[in-house]
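Please look over the chain shown here before reading on. The questions concern its fold and a few chosen residues.

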Amino acid sequence: GLHMLGSVVWETFSKYGLTVIPLFIFMGQVAFYSGVNGKLYNAAYRWVGHIRGGIAMATVLACSAFSAICGSNAATAATMTTVALPQMRKFNYHAKLSTGAIACGSTLGVVIPPSVVLIVIGLSTEQSIARLFYGAVGAGILLTVLLLLSVVLVCRRHPQWGPVGPRTAWRERIRSLAGALEMVILFLLVMLGLYFGFFTPTEAGAVGSLFAVLISLLQRKLTWKGFIASVTDTLRVSCMVIVIVAGAMIFGRFLAATRIPYDIASWVVGLPVPDMVIMAIIFAIYIVGGAVMDALALLLITIPIFFPVAMELGYDPIWFGVTITVVTTLGAVTPPVGATTYVVGGMAKDVPLEDVFKGVAYFLPAYLLCILLLMIFPKLV
């Protein structure tokens, strides 16, 4: 056991594939410190701000756009709370709708690629990271649409929660897209380069990081202090993720030695119930587990147990990886350890944490419906 512990740690930290984690994190941090989040929010607001609840919708859209270049729940939550909350207060939006939209919109960070969680799932299950990224695009779009629909339904029930904002002229709408254009190009550069095989996921992270730095320098938006902060934050987050990966791999090896995963897999597969019921039980475990522990740690500990079960039942590995990412994301906003909710609650100091969780509750049916649709129509992945 001690020999295995040493060899696993060495193998984990010397894997070239892990380089992809700090590269994508760095790309998101550069975008954050260069102020691109404000441009994304401004563009989304000018297009849908005149609709009832439109500023909350703009926030969800801005969250999804920023998530596509960031890949972190906490970073997206912190960014969008800073940018969007003052705007929604300005137009007298209710605190529950405002904070709930930010917290839930921020969870798109681990679903919409490039996502650190999907990278780690790919490394753990030896699946193509590029295929996981493309599989997650459909799931990410679906969840975004359902969150937008939730805003519409909340505002229909409580019209005073989402007052109508001013209508923007078409010229201003078109002009606002220019501010977000470079980030759209960055996203397409990474995704199309992966799809057409121009570069590997690690090389995609490198190209994306370089392009993010060049954009920031050309626009003179990234200061030397901001650059140092982005490097420091990248180092801190990357170390946390890689240590979790190493610990989970050790845990997985010891589990394999005890044959517990295989015994559980055999027991679950042998249950006299339909395959869909077994998968629903697994997802229920992920929802409960995601509510009490970090999503990344939960996935890494449980994948050695449930991934073989899914394969034994004949499910597609890419579908399983993407769907459990969505399922676990639900835990990021549910009590008692809804990490994203706590980030929003901590930054919105005048809003009680209880109200933030109540605001989140209006969006929970969207997650459940998304999971159900992915189970019924797996081709969405």
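The questions and answers below go from the whole chain to single helices and residues.

This is a predicted model, in which local features need pLDDT of at least 70 and side-chain atom pairs count only at pLDDT 80 or more, while totals for chains, interfaces and linings use all residues. Residues are numbered from 1 along each chain as its sequence is written, and side-chain values use heavy atoms, with hydrogens and water left out.

Q: How many helices and how many strands does the protein chain have?
A: Helices (H or I, at least four residues) and strands (E, at least two) are DSSP runs, numbered from the N terminus. Counted in this way, the protein chain has 0 strands and 18 helices.

Q: What radius of gyration does the protein chain have, set against that of a compact globule?
A: The radius is taken over C-alpha atoms, and the globule rule is 2.2 Å times the number of residues to the power 0.38. For 381 residues the rule gives a value near 21 Å, and the protein chain agrees with it, at 21 Å.

Q: Which residues of helix α17 are buried, and what covers them?
A: Buried means under 20% relative accessible area, exposed over 50%, and partly exposed in between (1.4 Å probe, protein chains only). In α17 (residues 353-361) the buried residues are V356, F357, G359 and V360; they lie on the same side of the helix because their arc around the axis, taken from the directions from the helix axis to the C-beta atoms, is only 155°. Their cover, counted by contact (heavy atoms within 4.5 Å), includes α6 (95-106), α16 and α18 (364-376).

Q: Over what arc do the buried residues of helix α16 spread?
A: Helix α16 (residues 339-347) has T340, T341, V344 and G345 as its buried residues. They sit on the same side of α16, because around the axis they cover an arc of only 135°.

Q: Is A212 buried or exposed, and which residues does A212 touch?
A: A212 lies in helix α10, and because its relative accessibility is 2%, A212 counts as buried. Leaving aside residues up to four places away in sequence, A212 touches M27, V30 and L186.

Q: Is F196 buried or exposed?
A: F196 is found in the loop between α9 (170-195) and α10 (201-218). Because its relative accessibility is 53%, F196 counts as exposed.
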